[in-house]
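Student: Could you take me through one part of this model up close? I'd like to hear about the salt bridges, with a quick look at the surface on the way in.

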Amino acid sequence: MLYPLLRPLLFTLDPETAHDVAFAALDAAVASGAAQLAAPRVAASPVAAMGLEFPNRVGLAAGLDKNAAHIDGLATLGFGFIECGTVTPRPQPGSPKPRLFRLPEAQALINRMGFNNDGVERFLANVARSRFATKRRGILGLNIGRNFDTPNERAVDDYLACLSAVYCDASYVTVNISSPNTSGLRELQDAAALKPLLAALKAEQAKLAQQHGKYTPLVVKIAPDLSQPDIGRLARTLVEQRVDGVIATNTTTDRGAVATLPHGGETGGLSGAPLRDKATDAVRALAQAIDGAMPIIGVGGILSGEDAREKIAAGATLVQIYTGLIYRGPQLVVEIAEALARR
Ligand SMILES: Cc1cc2nc3c(=O)[nH]c(=O)nc-3n(C[C@H](O)[C@H](O)[C@H](O)COP(=O)(O)O)c2cc1C
(Lines give C-alpha, C1' and ligand atoms only; values in the text may rest on other atoms or scores of the structure.)
Protein backbone atom coordinates (compact mmCIF):
# COMPACT_ATOMS: atom_id res chain seq x y z
CA MET A 1 0.00 0.00 0.00
CA LEU A 2 2.99 2.25 0.65
CA TYR A 3 4.66 1.24 -2.58
CA PRO A 4 2.97 3.82 -4.86
CA LEU A 5 4.54 6.48 -2.61
CA LEU A 6 7.92 4.75 -2.34
CA ARG A 7 8.35 3.89 -5.99
CA PRO A 8 9.11 7.41 -7.26
CA LEU A 9 11.82 7.68 -4.59
CA LEU A 10 13.29 4.28 -5.38
CA PHE A 11 13.25 5.12 -9.10
CA THR A 12 15.45 8.19 -8.47
CA LEU A 13 18.17 5.75 -7.33
CA ASP A 14 20.13 3.57 -9.68
CA PRO A 15 18.38 0.19 -9.92
CA GLU A 16 20.90 -1.84 -7.90
CA THR A 17 20.96 0.76 -5.11
CA ALA A 18 17.14 0.80 -5.10
CA HIS A 19 17.21 -3.00 -4.78
CA ASP A 20 19.54 -2.79 -1.76
CA VAL A 21 17.51 0.03 -0.12
CA ALA A 22 14.23 -1.84 -0.60
CA PHE A 23 15.67 -5.01 0.94
CA ALA A 24 17.24 -3.05 3.84
CA ALA A 25 13.79 -1.56 4.56
CA LEU A 26 12.11 -4.97 4.33
CA ASP A 27 14.72 -6.57 6.62
CA ALA A 28 14.29 -3.73 9.14
CA ALA A 29 10.53 -4.20 9.02
CA VAL A 30 11.00 -7.93 9.74
CA ALA A 31 13.40 -7.22 12.64
CA SER A 32 10.90 -4.80 14.22
CA GLY A 33 7.96 -7.14 13.66
CA ALA A 34 6.20 -4.54 11.48
CA ALA A 35 6.42 -6.65 8.31
CA GLN A 36 4.69 -9.57 10.01
CA LEU A 37 1.95 -7.28 11.33
CA ALA A 38 1.43 -5.66 7.95
CA ALA A 39 1.53 -8.98 6.07
CA PRO A 40 -1.41 -9.20 3.68
CA ARG A 41 -4.05 -11.82 4.23
CA VAL A 42 -3.99 -13.78 1.02
CA ALA A 43 -6.98 -15.99 0.46
CA ALA A 44 -5.86 -19.62 0.70
CA SER A 45 -6.23 -21.38 -2.63
CA PRO A 46 -3.95 -24.40 -2.33
CA VAL A 47 -2.65 -26.13 -5.43
CA ALA A 48 -0.87 -29.48 -5.51
CA ALA A 49 2.05 -29.83 -7.91
CA MET A 50 5.23 -31.94 -7.94
CA GLY A 51 4.11 -33.61 -4.73
CA LEU A 52 4.09 -30.24 -2.94
CA GLU A 53 1.16 -28.22 -1.69
CA PHE A 54 1.42 -24.56 -2.74
CA PRO A 55 -0.68 -22.21 -0.55
CA ASN A 56 -1.40 -20.09 -3.65
CA ARG A 57 -0.20 -19.99 -7.26
CA VAL A 58 2.02 -16.89 -7.12
CA GLY A 59 5.75 -17.26 -6.66
CA LEU A 60 8.77 -14.99 -6.58
CA ALA A 61 10.98 -15.63 -9.62
CA ALA A 62 14.71 -16.27 -9.23
CA GLY A 63 17.22 -13.45 -9.31
CA LEU A 64 15.78 -10.96 -6.82
CA ASP A 65 17.20 -12.77 -3.79
CA LYS A 66 20.32 -14.31 -5.31
CA ASN A 67 21.97 -15.13 -1.98
CA ALA A 68 18.82 -16.27 -0.13
CA ALA A 69 19.50 -13.44 2.31
CA HIS A 70 15.96 -12.01 2.56
CA ILE A 71 13.68 -15.03 2.77
CA ASP A 72 11.89 -13.98 5.95
CA GLY A 73 11.02 -10.56 4.54
CA LEU A 74 9.85 -11.97 1.24
CA ALA A 75 7.74 -14.51 3.10
CA THR A 76 5.67 -11.66 4.58
CA LEU A 77 4.52 -10.49 1.13
CA GLY A 78 2.00 -13.27 0.56
CA PHE A 79 3.83 -15.42 -1.99
CA GLY A 80 2.79 -19.04 -2.34
CA PHE A 81 6.43 -19.90 -2.99
CA ILE A 82 9.79 -18.19 -3.15
CA GLU A 83 12.69 -19.04 -5.45
CA CYS A 84 16.21 -17.95 -4.45
CA GLY A 85 19.39 -17.94 -6.55
CA THR A 86 20.80 -18.46 -9.08
CA VAL A 87 23.62 -19.75 -6.91
CA THR A 88 26.89 -21.11 -8.30
CA PRO A 89 29.38 -23.40 -6.50
CA ARG A 90 31.98 -20.65 -6.01
CA PRO A 91 31.30 -16.96 -5.28
CA GLN A 92 31.63 -14.66 -8.30
CA PRO A 93 31.23 -10.90 -8.80
CA GLY A 94 29.06 -10.98 -11.93
CA SER A 95 29.35 -8.46 -14.79
CA PRO A 96 30.82 -4.99 -14.33
CA LYS A 97 28.31 -2.26 -13.34
CA PRO A 98 26.10 -0.76 -14.63
CA ARG A 99 24.35 -4.05 -15.44
CA LEU A 100 20.70 -3.39 -14.58
CA PHE A 101 18.53 -0.87 -16.46
CA ARG A 102 14.95 0.34 -16.12
CA LEU A 103 12.81 0.97 -19.19
CA PRO A 104 9.80 2.58 -17.52
CA GLU A 105 8.08 3.48 -20.80
CA ALA A 106 7.84 -0.25 -21.51
CA GLN A 107 7.46 -1.47 -17.89
CA ALA A 108 10.57 -3.50 -18.48
CA LEU A 109 14.09 -4.16 -17.23
CA ILE A 110 17.25 -5.19 -19.00
CA ASN A 111 19.84 -7.00 -16.91
CA ARG A 112 23.24 -8.53 -17.48
CA MET A 113 23.94 -9.32 -13.83
CA GLY A 114 25.93 -12.46 -14.74
CA PHE A 115 25.11 -14.62 -11.69
CA ASN A 116 26.65 -12.28 -9.13
CA ASN A 117 26.46 -14.32 -5.91
CA ASP A 118 28.31 -15.27 -2.74
CA GLY A 119 28.59 -18.98 -3.60
CA VAL A 120 26.67 -21.99 -2.36
CA GLU A 121 28.26 -22.11 1.10
CA ARG A 122 27.11 -18.61 2.11
CA PHE A 123 23.78 -19.23 0.37
CA LEU A 124 23.10 -22.25 2.58
CA ALA A 125 24.17 -20.40 5.73
CA ASN A 126 21.58 -17.73 4.85
CA VAL A 127 18.89 -20.34 4.20
CA ALA A 128 19.67 -21.96 7.57
CA ARG A 129 19.24 -18.61 9.33
CA SER A 130 15.82 -18.01 7.83
CA ARG A 131 12.82 -18.98 9.90
CA PHE A 132 10.75 -19.50 6.75
CA ALA A 133 13.02 -22.29 5.56
CA THR A 134 13.88 -23.91 8.86
CA LYS A 135 10.31 -24.06 10.08
CA ARG A 136 9.26 -25.31 6.65
CA ARG A 137 6.38 -22.89 6.67
CA GLY A 138 6.54 -22.30 2.98
CA ILE A 139 7.76 -23.60 -0.32
CA LEU A 140 11.31 -22.65 -1.14
CA GLY A 141 12.80 -23.20 -4.59
CA LEU A 142 16.58 -23.05 -4.86
CA ASN A 143 17.91 -22.18 -8.30
CA ILE A 144 21.35 -23.47 -9.33
CA GLY A 145 23.78 -22.58 -12.12
CA ARG A 146 27.37 -22.93 -13.19
CA ASN A 147 30.24 -20.52 -12.57
CA PHE A 148 31.06 -18.25 -15.51
CA ASP A 149 34.54 -19.79 -15.87
CA THR A 150 33.40 -23.42 -15.86
CA PRO A 151 33.21 -24.60 -19.49
CA ASN A 152 30.00 -26.29 -20.64
CA GLU A 153 31.88 -29.62 -20.92
CA ARG A 154 32.28 -29.53 -17.13
CA ALA A 155 28.99 -27.75 -16.31
CA VAL A 156 27.57 -31.00 -14.99
CA ASP A 157 30.10 -30.92 -12.12
CA ASP A 158 28.87 -27.47 -11.02
CA TYR A 159 25.19 -28.48 -11.20
CA LEU A 160 25.85 -31.75 -9.32
CA ALA A 161 27.81 -29.94 -6.61
CA CYS A 162 25.00 -27.39 -6.16
CA LEU A 163 22.25 -30.02 -6.29
CA SER A 164 23.73 -32.13 -3.53
CA ALA A 165 24.54 -29.03 -1.44
CA VAL A 166 21.03 -27.52 -1.57
CA TYR A 167 19.02 -30.75 -1.82
CA CYS A 168 17.86 -31.03 1.80
CA ASP A 169 16.96 -27.35 2.21
CA ALA A 170 15.01 -27.00 -1.02
CA SER A 171 11.34 -27.75 -1.60
CA TYR A 172 12.37 -28.00 -5.26
CA VAL A 173 15.60 -27.31 -7.17
CA THR A 174 15.64 -25.32 -10.42
CA VAL A 175 18.31 -26.08 -13.00
CA ASN A 176 18.95 -22.78 -14.72
CA ILE A 177 20.21 -23.35 -18.26
CA SER A 178 18.62 -20.25 -19.74
CA SER A 179 20.30 -17.11 -18.45
CA PRO A 180 21.56 -15.07 -21.43
CA ASN A 181 24.32 -13.52 -19.31
CA THR A 182 26.63 -16.50 -18.80
CA SER A 183 28.43 -17.18 -22.03
CA GLY A 184 27.35 -20.47 -23.64
CA LEU A 185 24.86 -21.39 -20.89
CA ARG A 186 21.86 -21.58 -23.20
CA GLU A 187 23.66 -24.16 -25.35
CA LEU A 188 22.91 -26.60 -22.52
CA GLN A 189 19.30 -26.54 -23.79
CA ASP A 190 20.36 -28.43 -26.94
CA ALA A 191 19.35 -32.08 -26.74
CA ALA A 192 22.94 -33.31 -27.14
CA ALA A 193 24.02 -31.42 -24.03
CA LEU A 194 20.75 -31.58 -22.12
CA LYS A 195 20.27 -35.35 -22.11
CA PRO A 196 23.52 -36.25 -20.33
CA LEU A 197 23.17 -33.27 -17.97
CA LEU A 198 19.65 -34.24 -16.90
CA ALA A 199 20.50 -37.95 -16.74
CA ALA A 200 23.34 -37.17 -14.33
CA LEU A 201 21.15 -34.86 -12.23
CA LYS A 202 18.28 -37.36 -12.08
CA ALA A 203 20.71 -40.13 -11.01
CA GLU A 204 22.06 -37.85 -8.28
CA GLN A 205 18.52 -36.93 -7.23
CA ALA A 206 17.66 -40.65 -6.85
CA LYS A 207 20.79 -41.19 -4.76
CA LEU A 208 20.07 -38.18 -2.55
CA ALA A 209 16.41 -39.18 -2.14
CA GLN A 210 17.50 -42.57 -0.85
CA GLN A 211 20.19 -41.10 1.38
CA HIS A 212 17.97 -38.45 2.97
CA GLY A 213 14.57 -40.12 2.79
CA LYS A 214 13.21 -37.03 1.00
CA TYR A 215 12.33 -36.52 -2.67
CA THR A 216 13.16 -33.01 -3.88
CA PRO A 217 11.65 -32.29 -7.32
CA LEU A 218 13.96 -31.15 -10.12
CA VAL A 219 12.72 -28.31 -12.34
CA VAL A 220 14.31 -26.95 -15.54
CA LYS A 221 14.10 -23.27 -16.47
CA ILE A 222 14.05 -22.48 -20.17
CA ALA A 223 14.56 -19.44 -22.40
CA PRO A 224 11.82 -17.69 -24.40
CA ASP A 225 14.07 -17.47 -27.44
CA LEU A 226 13.44 -21.00 -28.70
CA SER A 227 11.57 -21.93 -31.88
CA GLN A 228 8.49 -24.16 -31.67
CA PRO A 229 10.45 -27.17 -32.97
CA ASP A 230 13.19 -26.42 -30.38
CA ILE A 231 10.56 -26.39 -27.64
CA GLY A 232 9.14 -29.68 -28.95
CA ARG A 233 12.58 -31.34 -28.87
CA LEU A 234 13.37 -29.91 -25.46
CA ALA A 235 10.01 -31.04 -24.08
CA ARG A 236 10.67 -34.59 -25.30
CA THR A 237 13.97 -34.63 -23.44
CA LEU A 238 12.35 -33.30 -20.26
CA VAL A 239 9.66 -35.98 -20.40
CA GLU A 240 12.13 -38.76 -21.27
CA GLN A 241 14.37 -37.80 -18.37
CA ARG A 242 11.38 -37.61 -16.00
CA VAL A 243 12.03 -34.02 -14.96
CA ASP A 244 9.49 -32.95 -12.31
CA GLY A 245 8.57 -29.51 -13.62
CA VAL A 246 9.53 -26.76 -16.04
CA ILE A 247 9.73 -22.97 -15.70
CA ALA A 248 8.98 -20.91 -18.80
CA THR A 249 10.60 -18.46 -19.18
CA ASN A 250 13.80 -16.62 -18.41
CA THR A 251 14.52 -13.19 -19.94
CA THR A 252 14.72 -12.58 -23.71
CA THR A 253 17.55 -11.37 -25.91
CA ASP A 254 14.94 -10.07 -28.40
CA ARG A 255 14.81 -6.27 -28.50
CA GLY A 256 12.03 -5.79 -31.07
CA ALA A 257 9.65 -3.94 -28.80
CA VAL A 258 12.17 -1.72 -27.00
CA ALA A 259 15.00 -1.10 -29.48
CA THR A 260 14.31 2.64 -29.77
CA LEU A 261 13.78 3.34 -26.06
CA PRO A 262 16.47 4.71 -23.73
CA HIS A 263 18.61 1.71 -22.61
CA GLY A 264 16.77 -0.43 -25.20
CA GLY A 265 20.08 -1.31 -26.83
CA GLU A 266 21.78 -2.57 -23.66
CA THR A 267 23.13 -6.12 -23.78
CA GLY A 268 21.43 -8.62 -21.49
CA GLY A 269 18.04 -10.14 -20.84
CA LEU A 270 14.81 -8.18 -21.27
CA SER A 271 12.00 -8.81 -18.77
CA GLY A 272 8.62 -7.28 -18.00
CA ALA A 273 5.73 -6.32 -20.27
CA PRO A 274 7.55 -6.74 -23.64
CA LEU A 275 8.31 -10.38 -22.71
CA ARG A 276 4.73 -11.26 -21.79
CA ASP A 277 3.36 -12.73 -25.02
CA LYS A 278 6.57 -14.48 -25.96
CA ALA A 279 6.65 -16.21 -22.57
CA THR A 280 2.96 -17.11 -22.84
CA ASP A 281 3.56 -18.60 -26.30
CA ALA A 282 6.39 -20.70 -24.85
CA VAL A 283 4.08 -21.93 -22.05
CA ARG A 284 1.43 -22.86 -24.64
CA ALA A 285 3.88 -24.70 -26.90
CA LEU A 286 5.35 -26.55 -23.91
CA ALA A 287 1.92 -27.49 -22.59
CA GLN A 288 1.07 -29.06 -25.94
CA ALA A 289 4.38 -30.89 -26.16
CA ILE A 290 4.48 -32.31 -22.63
CA ASP A 291 0.77 -33.08 -22.52
CA GLY A 292 0.39 -32.98 -18.75
CA ALA A 293 3.56 -34.98 -18.01
CA MET A 294 4.79 -32.29 -15.60
CA PRO A 295 3.56 -28.94 -14.29
CA ILE A 296 4.61 -25.68 -15.93
CA ILE A 297 5.50 -22.56 -13.96
CA GLY A 298 4.67 -19.58 -16.18
CA VAL A 299 6.81 -16.45 -15.82
CA GLY A 300 7.49 -13.40 -17.95
CA GLY A 301 5.78 -10.03 -18.06
CA ILE A 302 3.08 -10.64 -15.48
CA LEU A 303 2.04 -7.19 -14.27
CA SER A 304 -1.62 -7.85 -13.41
CA GLY A 305 -4.03 -10.55 -12.34
CA GLU A 306 -5.21 -10.77 -15.95
CA ASP A 307 -1.65 -11.40 -17.20
CA ALA A 308 -1.38 -14.25 -14.71
CA ARG A 309 -4.68 -15.71 -15.87
CA GLU A 310 -3.31 -15.76 -19.41
CA LYS A 311 -0.36 -17.88 -18.29
CA ILE A 312 -2.73 -20.31 -16.54
CA ALA A 313 -5.02 -20.41 -19.59
CA ALA A 314 -1.96 -21.23 -21.74
CA GLY A 315 -1.22 -24.27 -19.55
CA ALA A 316 0.71 -23.08 -16.49
CA THR A 317 -0.17 -24.47 -13.06
CA LEU A 318 1.78 -21.83 -11.14
CA VAL A 319 3.20 -18.40 -11.98
CA GLN A 320 6.16 -16.30 -10.88
CA ILE A 321 6.91 -12.59 -10.97
CA TYR A 322 9.99 -10.40 -10.84
CA THR A 323 9.74 -7.22 -12.94
CA GLY A 324 6.07 -6.76 -12.03
CA LEU A 325 7.10 -6.52 -8.40
CA ILE A 326 9.47 -3.64 -9.25
CA TYR A 327 6.79 -1.69 -11.18
CA ARG A 328 3.68 -2.59 -9.18
CA GLY A 329 5.03 -3.40 -5.69
CA PRO A 330 3.95 -6.14 -3.29
CA GLN A 331 0.26 -5.35 -3.90
CA LEU A 332 0.67 -7.30 -7.14
CA VAL A 333 1.19 -10.56 -5.22
CA VAL A 334 -2.21 -10.23 -3.53
CA GLU A 335 -3.88 -9.06 -6.75
CA ILE A 336 -2.67 -12.10 -8.68
CA ALA A 337 -3.42 -14.58 -5.90
CA GLU A 338 -6.98 -13.26 -5.72
CA ALA A 339 -7.46 -13.20 -9.49
CA LEU A 340 -6.32 -16.81 -9.74
CA ALA A 341 -8.29 -17.95 -6.68
CA ARG A 342 -11.45 -16.58 -8.35
CA ARG A 343 -10.90 -18.65 -11.51
C1 LIG B 1 17.65 -8.34 -12.50
C2 LIG B 1 17.23 -9.73 -12.85
C3 LIG B 1 18.00 -10.80 -12.42
C4 LIG B 1 17.61 -12.12 -12.73
N5 LIG B 1 18.37 -13.15 -12.28
C6 LIG B 1 17.97 -14.43 -12.52
C7 LIG B 1 18.71 -15.52 -11.99
O8 LIG B 1 19.71 -15.36 -11.30
N9 LIG B 1 18.26 -16.77 -12.28
C10 LIG B 1 17.13 -17.01 -13.02
O11 LIG B 1 16.76 -18.17 -13.22
N12 LIG B 1 16.40 -15.98 -13.51
C13 LIG B 1 16.80 -14.71 -13.27
N14 LIG B 1 16.04 -13.67 -13.75
C15 LIG B 1 14.87 -13.96 -14.60
C16 LIG B 1 13.56 -13.93 -13.81
O17 LIG B 1 13.55 -14.95 -12.83
C18 LIG B 1 12.36 -14.12 -14.75
O19 LIG B 1 12.46 -15.40 -15.36
C20 LIG B 1 12.30 -13.07 -15.85
O21 LIG B 1 12.68 -11.81 -15.36
C22 LIG B 1 10.91 -12.94 -16.48
O23 LIG B 1 9.93 -12.58 -15.52
P24 LIG B 1 9.44 -11.06 -15.27
O25 LIG B 1 9.05 -10.51 -16.60
O26 LIG B 1 8.30 -11.20 -14.29
O27 LIG B 1 10.60 -10.33 -14.68
C28 LIG B 1 16.43 -12.35 -13.47
C29 LIG B 1 15.65 -11.26 -13.87
C30 LIG B 1 16.01 -9.97 -13.57
C31 LIG B 1 15.15 -8.83 -14.03
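Tutor: Sure, and keep in mind that this is a predicted model. Starting at the surface, Leu2, Leu5, Leu6 and Leu9 make a nonpolar patch of about 430 Å². Leu2 sits in the segment before helix H1 (3–10) and is exposed, at a relative accessible area of 57%.

Now the salt bridges: the whole structure has 17 of them. Take Lys97 and Glu16, whose side chains pair up at 3.9 Å, N to O. Lys97 is in the loop between strand S4 (81–87) and strand S5 (100–103), while Glu16 belongs to helix H2 (residues 15–32), so this pair ties together parts 81 residues apart in sequence. The two ends differ in their surroundings: Lys97 is exposed, with 61% relative accessible area, whereas Glu16 counts as buried at 13%.

Next, Glu240 and Lys195 meet at 3.7 Å, N to O. Glu240 is in helix H9 (residues 228–240) and Lys195 in helix H8 (residues 191–212), so the bridge ties together parts that are 45 residues apart in sequence. Lys195 is partly exposed, at 35%.

Then there's Lys278 with Asp254, where the closest N and O atoms are 3.3 Å apart. This one links helix H10 (residues 276–290), home of Lys278, to the loop between strand S10 (245–248) and strand S11 (269–272), which holds Asp254, 24 residues apart. Both partners are partly exposed: Lys278 at 27% relative accessibility and Asp254 at 37%. The pair doesn't stand alone either, as Arg186, Asp225, Asp254 and Lys278 are linked in a network of salt bridges.

Technical notes. Residues numbered from 1 in each chain as written. Predicted model: local features only at pLDDT ≥ 70, side-chain atom pairs only at ≥ 80, totals over all residues. Heavy atoms only, no water. Patch = residues over 30% accessible without salt bridge, like charges linked within 9 Å, V, L, I, M, F, W, Y side chains within 5 Å. Areas by Shrake-Rupley, 256 points an atom, 1.4 Å probe, with all protein chains shown as cover. Salt bridge = Lys/Arg side-chain N within 4 Å of Asp/Glu carboxyl O. Helix = DSSP H or I, 4+ residues; strand = E, 2+ residues; numbered from the N terminus. Buried < 20%, exposed > 50% of the residue type's maximum accessible area, 1.4 Å probe, protein only.
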